[in-house]
Structures are given as C-alpha cells and as structure tokens.
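Me: I am new to this structure. Can we go through the ligand site, with a reason for each label?

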Amino acid sequence: MHSLIRLVILLAAVPVVSGAAVHATQPDRNAQALSVMKTSFQAKGQAGMDRLNQDKTQALCSLHAPAAPPAEPTAKVVAANLASIKLPADGKFLGDWKRGQAIAEEGTGEQYSDDPAKPSGGNCYACHELDKQQIAYGTIGPSLYRYGKNRGSSEPILKLTWDMLYDMKGYAVCTAMPRFGSKGILTEQQIKDVMALLFDPDSPVNK
Ligand code: HEC
C-alpha cells in the first residue's frame, strides 16, 4: 500500500482508539492513580504510605474535581469537619503575635526530612499576604493584611477565625488551606499565637 494512504488510515483510526480509552469513569481513574502512587511511592521518615489514604473530605473533592461536589453529601462532610473543631481549653483565643509571626513564616514540618519531634510551621505566607514588611508571599489565599483592624475582635469574629484555622474544610469543603487543628499540624498554643498575629493591634498585620 502507498505509504501516504497508510498514514491517512492510521490517522483516521487514532480518534477511535483514543475515544475508547476515555470511557473510564472518574472513580476508575482515581483508583488507577492511587495504584500508580502506591507502587511508585516509598515510605520515608514520618511520611508513611498511610498518607495516600484519603479521608472522606479528600475523597469527595477528588471524585468531583475540578467541579464542586454536590450539595449532598457535602453538607454531611462539612458538618463532620465542623464537629471536629476544639475550642481553646481555657477559653482564650489570643496568644503572642511575635511567636505567631515566626509560625506564619516557618515552612518546615510534616515532610519526610523534618524532625517530627519539632513543632511544624504554618507556612501562611506561602498562600497569603499578611503584612507590608514581607514582600515574598503567595496569592492562593486572600490577603490577610489588616485582618483584625477591618473586622474588629468581637467574640463571634474570634470564634469564626479560630474555626477556620482549625479546619477550613468546615467552611469551604475543597479549599487548599491546610486544616491546622484537626490534622494536628499546629498545637493549640500555636493557633493562639497565629490568632494574635491576625488580631493584635500591635501586630504588623494591623499596621
Ligand atoms: C496552601 C495555601 C494556604 C495556606 C498555607 C494557608 N492558607 Fe489560609 N486560606 C487559603 C485559601 C485558599 C483561603 C480561602 C478559603 C477558600 O478556599 O475559600 C484561605 C482563607 C484563610 C482565612 C479566611 C479569610 C477570610 O477573609 O475569611 C484566614 C483567616 C486564613 N486563611 C488564615 C491563614 C493562616 C493564619 C495561615 C497559616 C497558619 C494560612 N491561612 C495558611 C489558603 C491557605
């Protein structure tokens, strides 16, 4: 057969072949991706293979990504995340903003190469603008500049902010923001210190 004719036949066949392959459903694709990760990833340091197991929130978001998951079961998942939030044992929301600033700037913790005995950072600047002194920040999250100054520090505002730091997936189910409290990334004291960074009038966030 003439080689040009062969090429035309071959090209005509391509969409048919690839068309057949795209019929895998999203759950199939997720299962395939998981099995690839399970065979190619290795546990190292504190990063165990258990990290590949998604919880209900993560599984729900992965199943529908990039679209938002449907109202039900989202409402149930959000309610469970809200129920996981623990308020400060002594009822005080605010710690020390200077320590909070160090936590916001600290990006280490939770990785295989980090010492699990050391406290983790919040890495807030990776996603948020917080003050005008730090000019290297990410924009995945909204600017938090003048957070307390703009909102005041009434009890409901303090509680809402505590909740969002503790588990943002109780508010925006598929958010990229880490769940600092419910996933044990920051301690109760560290969350208080970060809260002070957001609310203290002397904090650079409110200057
Ligand atoms: C990986 C990115 C990421 C990191 C790290 C991160 N955030 Fe966020 N944050 C977000 C996103 C995205 C939102 C918006 C919520 C949403 O998804 O709708 C948000 C929202 C917020 C809000 C609510 C803002 C508002 O106006 O209601 C606060 C407060 C906040 N973050 C504080 C923090 C603090 C403090 C830290 C560090 C301890 C932090 N975030 C770390 C991504 C991040």
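Me: What makes the pair of His128 and the ligand nitrogen a polar contact?
Reply: This is a predicted model. In it, a polar side-chain atom of His128 lies 2.8 Å from a nitrogen atom of the ligand. The cut-off for a pair of N or O atoms is 3.5 Å, and 2.8 Å is within it, so the pair counts as a polar contact.

Me: Which side chains have an N or O atom at 2.8 Å or 2.6 Å from a ligand oxygen?
Reply: For Arg151, the distance to an oxygen atom of the ligand is 2.8 Å. For Thr175, it is 2.6 Å. Both values fall within 3.5 Å, so these are polar contacts too. Two elements give two or more residues to the shell around the ligand: α6 (147–151) and α7 (155–166).

Me: How do you know that His128 and Met177 are donors to the iron atom?
Reply: NE2 of His128 and SD of Met177 coordinate the iron atom of the ligand at 2.0 to 2.1 Å. Donors are N, O and S atoms within 2.8 Å of the metal, so both atoms qualify. The pair links distant parts of the chain, 49 residues apart. His128 is in the loop between α5 (97–105) and α6, and Met177 is in the loop between α7 and α8 (188–199).

Me: Why is the arrangement around the iron atom called octahedral?
Reply: Six donor atoms surround the iron atom, and they subtend angles of 86 to 178 degrees. Six count as octahedral if opposite donors are over 155 degrees apart and all others between 65 and 115. The arrangement is therefore octahedral.

Me: How many nonpolar residues are in the shell around the ligand?
Reply: The shell has 15 nonpolar residues, with five polar and one charged.

Methods:
Residues numbered from 1 in each chain as written. Predicted model: local features only at pLDDT ≥ 70, side-chain atom pairs only at ≥ 80, totals over all residues. Heavy atoms only, no water. Polar contact = N/O pair within 3.5 Å; in protein donor to acceptor, adjacent residues only side chain to side chain. Helix = DSSP H or I, 4+ residues; strand = E, 2+ residues; numbered from the N terminus. Nonpolar A, V, L, I, M, F, W, Y, C, P; charged D, E, K, R; others polar. Donors = N, O, S within 2.8 Å, 3.2 Å for Na, K, Ca; no water. Tetrahedral: all angles 85-135°; square planar, octahedral: opposite > 155°, others 65-115°.
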